[in-house]
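Thanks for coming. I will go through one chain today, starting with the overall fold and then moving to a few residues. Please have the structure open while I talk.

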Amino acid sequence: MSVTDTAIIGAGPYGSSLAAHLRAAGMAHQILGEPMGAWRNYMPPGMLLRSEAFASSLHAPRSGFTVEDYCRQKGIPYQPMGMAFPLETFVDYGLWFQGSLVGDIQAVDVLNLRRVGGQFQLALSDGRSLIARKVVIALGLKGYAQTPPALQGLPQRYASHSEQHGDLTWARGKDIVIVGGGQSALGLSALLHELGARVRVLMREAEIVWHERPEAGRSILSKIRHPDAGLGRGWRSLFLSECPHLFHMLDQARRRLVMDKSYGASGAWWLHDRVVDKVEIWSRTEVRSASIDNDRVVLRVMSDNEEALVDADHVIAATGFKTDMRQHAFLSKDIVDAISVHGGLPELTSNYETRIGGLYVIGPASAHSFGPVMRFVYGTKHAAPSVARHIAGSLKAGARESRWSPGDSPMSEQTSE
Ligand SMILES: Cc1cc2nc3c(=O)[nH]c(=O)nc-3n(C[C@H](O)[C@H](O)[C@H](O)COP(=O)(O)OP(=O)(O)OC[C@H]3O[C@@H](n4cnc5c(N)ncnc54)[C@H](O)[C@@H]3O)c2cc1C
């Protein structure tokens with residue numbers, strides 16, 4: 001059994017940014033999970049980031065570690081906005097950030113998390129156990145995929161969710177139906193079409209909402225009227241990008257309203273020419289039921305108030321994600337019950353702490369409390385320093401009061417250099 005002050009579960013942008021801050025503050029911690037695992041395994045090669053390059057940096061405790069710094073060092077052409085930013089470059093950037101600022105990451109899964117006394121016990125996939133005084137859950141979108149009821153229960157060979165797809169070469173030459181009208185659906189449709197699949201997109205919406213291409217050389221007046229922000233253009237975006245702590249002060253009904261009305265299904269400007277007139281798109285379409293017939297998946301759909309049958313080799317639900325802490329099988333029942341407040345959503349304090357003291361949630365699962373910025377890498381600039389400060393403060397206060405001792409640890413801990 002090894003011990004640490006803080007265990008961070010997840011080694012993506014949020015977990016890594018927090019680890020960098022804890023390390024800089026000299027706070028003992030361990031970070032668990034496959035480095036940039038979600039980006040390396042569950043996003044398709046060739047994908048371009050939907051966030052602008054200036055808004056895609058992990059948050060470091062000191063300067064010199066942004067996407068721009070990385071590109072400068074590696075001789076990669078960089079533009080803050082309007083740059084086609086490939087997944088592969090982002091993954092390399094994330095690994096470089098981790099190598100520079102995070103140190104040792106243990107590429108293990110947490111299989112079980114439970115409370116023991118006032119601390120936490122974690123069972124790891126390599127057979128070890130870890131005791132931690134604080135735990136931070138930074139698992140991104142894992143476990144939150146939403147699939148329409150009509151597609152649930154189909155065999156995996158015929159149906160999947162967009163979150164399951166890294167490599168897409170299996171689809172070459174096949175008929176693929178994609179359900180959804182947002183960035184995931186449109187991005188996948190472009191990539192699949194380009195590698196030689198026949199693609200149809202079935203979307204609920206009447207038409208695709210395309211983002212505007214960022215204009216170079218905007219006037220000062222235009223920039224004042226519509227400022228550029230991490231989440232997009234405009235004062236509303238600026239507020240949501242920069243003021244998650246004010247969002248947190250809104251009452252629940254208002255937060256929900258803002259979340260429902262923010263950043264609905266849309267496509268990045270650079271997808272427009274790769275999709276329009278290249279991919280068959282059915283608008284105002286809803287899938288009613290699905291079955292398998294003669295080795296094909298057959299969908300019964302309502303499209304423009306008419307019923308139709310659509311068949312394909314495979315259907316992909318690009319239908320988004322919904323936070324639900326109850327989906328994390330590794331959480332003990334008492335933890336799930338305590339932190340899943342509104343239908344699986346965690347209610348967090350202004351320090352990202354759940355109703356269980358010492359247990360924090362950051363990243364997309366904290367969006368209900370801090371707003372849509374937490375669904376994006378941009379939110380690391382708020383979450384990482386804030387949680388690191390709170391953990392440092394409460395451990396220091398606790399150290400003055402308690403007789404807690406880390407005991408004999410066979411495993412070396414990460415601290416500051
Ligand atoms: C297709 C797609 C495209 C996106 N494009 C963008 C974009 O362009 N810009 C943007 O800002 N955001 C984008 N996002 C959102 C993005 O995924 C999140 O903003 C970001 O990844 C959240 O980071 P994270 O650190 O919370 O989680 P993730 O990056 O998802 O990392 C999760 C970590 O948890 C680890 N893990 C999982 N299970 C366990 C376990 N049981 N035990 C231990 N570790 C575990 C994983 O290995 C991984 O290290 C996109 C999302 C999708 C699905």
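The chain has 13 helices and 19 strands. Keep in mind that this is a predicted model.

How does the radius of gyration of the chain compare with that of a compact globule? For 417 residues, a compact globule would come out near 22 Å, and the chain has 22 Å, so the two agree. Along the principal axes, the C-alpha atoms fill a box of roughly 70 × 55 × 45 Å. Of the 417 residues, 52% count as buried. The chain exposes about 19,400 Å², and carbon and sulfur atoms supply 50% of that area.

Next, contacts along the sequence. Take the contacts between residues at least 6 apart: 67% of them join residues at least 24 apart.

One annotation from a record. UniProt, in an unreviewed entry, lists residues 5–213 as "domain: FAD/NAD(P)-binding". Over residues 5–213 the chain is 25% helix and 22% strand. The C-alpha atoms at the two ends of that stretch are 46 Å apart.

Now helix H3, which covers residues 67–74. Which residues of H3 are buried? They are Val 67, Asp 69, Tyr 70 and Cys 71. A reminder about helices in general: an α-helix has 3.6 residues a turn, so residues three or four places apart point the same way. In H3, Val 67, Tyr 70 and Cys 71 are among the buried residues. The buried residues of H3 pack against helix H4, residues 87–102. Just after H3 comes Gly 75, with a positive phi of about 70 degrees.

On to salt bridges. The count is 21. One of them joins Arg 296 and Asp 175, whose closest N and O atoms are 2.9 Å apart. This pair links distant parts of the chain: Arg 296 is in strand S14, residues 296–303, and Asp 175 is in strand S8, residues 175–179. The two are 121 residues apart. Asp 175 has a relative accessibility of 14%, so Asp 175 counts as buried. Both residues also belong to a network of salt bridges, which links Asp 175, Arg 198, Arg 296, Asp 311 and Asp 313.

A second bridge joins Glu 347 and Arg 255, at 3.4 Å from N to O. Here too the pair links distant parts of the chain, 92 residues apart. Glu 347 is in the loop between strand S18 (345–346) and strand S19 (359–361), while Arg 255 is in helix H9, residues 252–261. Are these two partners buried or exposed? Glu 347 counts as buried, at 19% relative accessibility. The cut-off for buried is under 20%. Arg 255 is buried as well, with a relative accessible area of 5%.

A third bridge is between Asp 251 and Arg 254, at 3.0 Å from N to O. Asp 251 is partly exposed, with a relative accessible area of 39%.

Back to the region around S14. Val 310 lies in strand S15, residues 306–312. How much of Val 310 is accessible? Its relative accessible area is 1%, so Val 310 is buried. Leaving aside neighbours within four places in sequence, Val 310 is in contact with Val 177, Arg 200, Trp 282, Val 297, Val 298, Leu 299 and Val 301. The C-alpha atoms of Val 310 and Arg 296 are 9.9 Å apart, and the two residues are separated by 14 places along the chain.

Between S14 and S15 there is a loop that holds Asp 304 and also Asn 305. Most residues other than glycine have a negative phi. Asp 304, however, has a positive phi near 50 degrees, and Asn 305 has a positive phi near 65 degrees. As for accessibility, Asp 304 is partly exposed at 44%, whereas Asn 305 counts as exposed at 74%.

Last, the surface. Which residues form a nonpolar patch there? Ile 220, Ile 224 and Trp 235 do, with about 380 Å² of accessible area together. Ile 220 is in helix H6, residues 220–225. With a relative accessible area of 65%, Ile 220 is exposed.

That is the end of my tour.

Notes:
Residues numbered from 1 in each chain as written. Predicted model: local features only at pLDDT ≥ 70, side-chain atom pairs only at ≥ 80, totals over all residues. Heavy atoms only, no water. Patch = residues over 30% accessible without salt bridge, like charges linked within 9 Å, V, L, I, M, F, W, Y side chains within 5 Å. Areas by Shrake-Rupley, 256 points an atom, 1.4 Å probe, with all protein chains shown as cover. Salt bridge = Lys/Arg side-chain N within 4 Å of Asp/Glu carboxyl O. Helix = DSSP H or I, 4+ residues; strand = E, 2+ residues; numbered from the N terminus. Buried < 20%, exposed > 50% of the residue type's maximum accessible area, 1.4 Å probe, protein only. Rg over C-alpha atoms; globule rule 2.2 N^0.38 Å. Contact = heavy atoms within 4.5 Å. UniProt positions renumbered as here; feature names shortened; annotations may be inferred.
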